[in-house]
Structures are given as structure tokens and as C-alpha cells.
Amino acid sequence: MRTDHGAERDDGHGTGGDAGLAAALRLAVGRVTRRLRQAHTVGDVSLSEVSVLARLAGAGPASPSSLAESERVRPQAMATTLAGLTRRGLVRRAADPADGRRSIVAVSPEGAAVLAQRRSASVRRLEAVLAEFSEPERAVLAAAVPLLDRLAERL
């Protein structure tokens, strides 16, 4: 943070300036992600697979190349992710009606069910912990969500 004189100061969380805030955000978000990930069983859907399923469920069918671009991964990595999802019946491929040489991927009903189940477990876990926070603390977290979404989109 800056004082009235424009000098940086530590806010008590080790976040002096943008570099400190960036480091603190990276650690905090990483911890939340790891803890949520640890709650899922071995053999469960990976974080990258969940991300693809969520994108398909929210935005609708897409080509593998557009998914790779949206997820900011290499096409080869997306091909591997989609192969695993397809093998387990969580996504379905179809020919692109506009260009038969391309394929379009859509979340299957089984994939939607897995996504809902996983979200439900994570939401329940977060909900239980949030109940331990005060109402003003929950309001601060709620206000931060749009900013975190915007931050994620720009990374």
C-alpha cells in the first residue's frame, strides 16, 4: 500500500506494493486450489479436465483448437486431455457441420453429472468453512470474486 506521501508500506500481510500483492495472491490462491484438489479421490477428474468440462458446459460445444486457446495450453496438451475425457465418456466428438474436417467437442450427460458432483463437493466444503467467517469477512470475499475472475481472465 501507499501512504499519503506515496511511499510504499507493508500492510501487515507482507504485501508491500504490486509485487508483494502478486506474491501473496499466488500463495493464497494456490493454497485454496491445492486444498480443494486434495479433497477429491485418486482417479478422479483432473483439474485440467474439470476446467475443460466446465468451459464446455458453460460456453457450449467447441473445437479442440479453440479449447486449447481458451485454456491457454498447447494443442497437444488439449488433445491428451480430450482423449482421456472421451475415453471415459465425459465428452463427445462430432464432425463440425460447417467444416467436416474439424471436430466439435461437447460435454456428455455423464460429463455434466461428474462436473455437478465435483462442484457440489467443493461447494459444500467451501460453504462449511465460510460459515466460520464473520459476515463482514464473507462480504469482503464476495466483493473479491469479480476481481479474481477478471484477474484470471487476464493472466
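**Exercise 1. Salt bridges between elements**

The structure holds 6 salt bridges. The model is a predicted one. Take the bridge of E71: find its partner, and work out which parts of the chain the pair ties together.

*Solution.*
Step 1. Find the partner. E71 forms a salt bridge with R55. Their closest N and O atoms are 2.5 Å apart. The cut-off for a salt bridge is 4 Å, so the pair qualifies.
Step 2. Place both residues. E71 sits in helix α3 and R55 in helix α2, so the bridge ties together parts that are 16 residues apart in sequence.
Step 3. Check the cover. E71 has 18% relative accessibility and counts as buried. R55 reaches 30% and counts as partly exposed. The limit for buried is under 20%.

General background: side chains of opposite charge can pair when their charged atoms come close.

**Exercise 2. Two further bridges**

Describe the salt bridge of R92 and E110, then that of D99 and R101.

*Solution.*
Step 1. Start with R92 and E110. Their side chains meet at 3.5 Å, N to O. R92 belongs to strand β1 (residues 91-95) and E110 to helix α5 (residues 109-130), so this pair ties together parts that are 18 residues apart in sequence.
Step 2. Check the cover of this pair. R92 is partly exposed at 47% relative accessibility. E110 is partly exposed too, with a relative accessible area of 41%.
Step 3. Turn to D99 and R101. Here the side chains meet at 3.0 Å, N to O. R101 counts as exposed, at 77% relative accessibility.

**Exercise 3. The order of elements**

Count the helices and strands in the chain, and write down their order.

*Solution.*
Step 1. Count. The chain has 6 helices and 2 strands.
Step 2. Read from the N terminus. The order is α-α-α-α-β-β-α-α.
Step 3. Add the chain totals. Of the 155 residues, 21% count as buried. The accessible surface comes to about 10900 Å², and 58% of this surface belongs to carbon and sulfur atoms.
Step 4. Look at contacts between residues at least 6 apart in sequence. Of these contacts, 46% join residues at least 24 apart.

**Exercise 4. A helix pair**

How are α2 and α4 oriented to each other: roughly parallel or roughly perpendicular?

*Solution.*
Step 1. Take the geometry. Helix α2 covers residues 47-59 and helix α4 residues 75-87. They pack at an angle of about 80 degrees, and their axes are 10 Å apart.
Step 2. Apply the cut-off. Angles from 65 to 115 degrees count as roughly perpendicular. The two helices α2 and α4 are therefore roughly perpendicular to each other.
Step 3. List the contact residues. From α2 come S48, E49, V52 and L53. They meet M78, T81, L82, G84 and L85 in α4.

**Exercise 5. Two loop residues**

Compare the settings of R72 and S108: which loop holds each residue, and is each one buried or exposed?

*Solution.*
Step 1. Locate R72. This residue lies in the loop between α3 (64-71) and α4. At 53% relative accessibility, R72 counts as exposed.
Step 2. Note the backbone. R72 is not a glycine, yet its phi is positive, about 60 degrees.
Step 3. Locate S108. This residue lies in the loop between β2 (103-107) and α5. S108 is buried, with a relative accessible area of 1%.
Step 4. Find what surrounds S108. Leaving out residues up to four places away in sequence, S108 touches G89, L90, V91 and R92. The C-alpha atoms of S108 and L90 are 5.3 Å apart, though their positions lie 18 residues apart along the chain as a separation.

**Exercise 6. A nonpolar surface patch**

Which residues form the nonpolar patch on the surface, and which elements give two or more of them?

*Solution.*
Step 1. Name the members. They are L21, L25, V29, L148, L151 and L155. Together they have about 510 Å² of accessible area.
Step 2. Assign the elements. Those giving two or more residues are α1 (17-38) and α6 (135-154). The largest share, 3 residues, comes from α1.
Step 3. Test one member. L25 is found in helix α1. Its relative accessible area is 31%, so L25 is partly exposed. Patch residues need over 30%, and L25 passes.

How values were computed: Residues numbered from 1 in each chain as written. Predicted model: local features only at pLDDT ≥ 70, side-chain atom pairs only at ≥ 80, totals over all residues. Heavy atoms only, no water. Patch = residues over 30% accessible without salt bridge, like charges linked within 9 Å, V, L, I, M, F, W, Y side chains within 5 Å. Areas by Shrake-Rupley, 256 points an atom, 1.4 Å probe, with all protein chains shown as cover. Helix = DSSP H or I, 4+ residues; strand = E, 2+ residues; numbered from the N terminus. Buried < 20%, exposed > 50% of the residue type's maximum accessible area, 1.4 Å probe, protein only. Axes fitted to C-alpha atoms, helices over the stretch in contact; angles between N-to-C directions. Parallel < 35°, antiparallel > 145°, perpendicular 65-115°, else oblique. Contact = heavy atoms within 4.5 Å.
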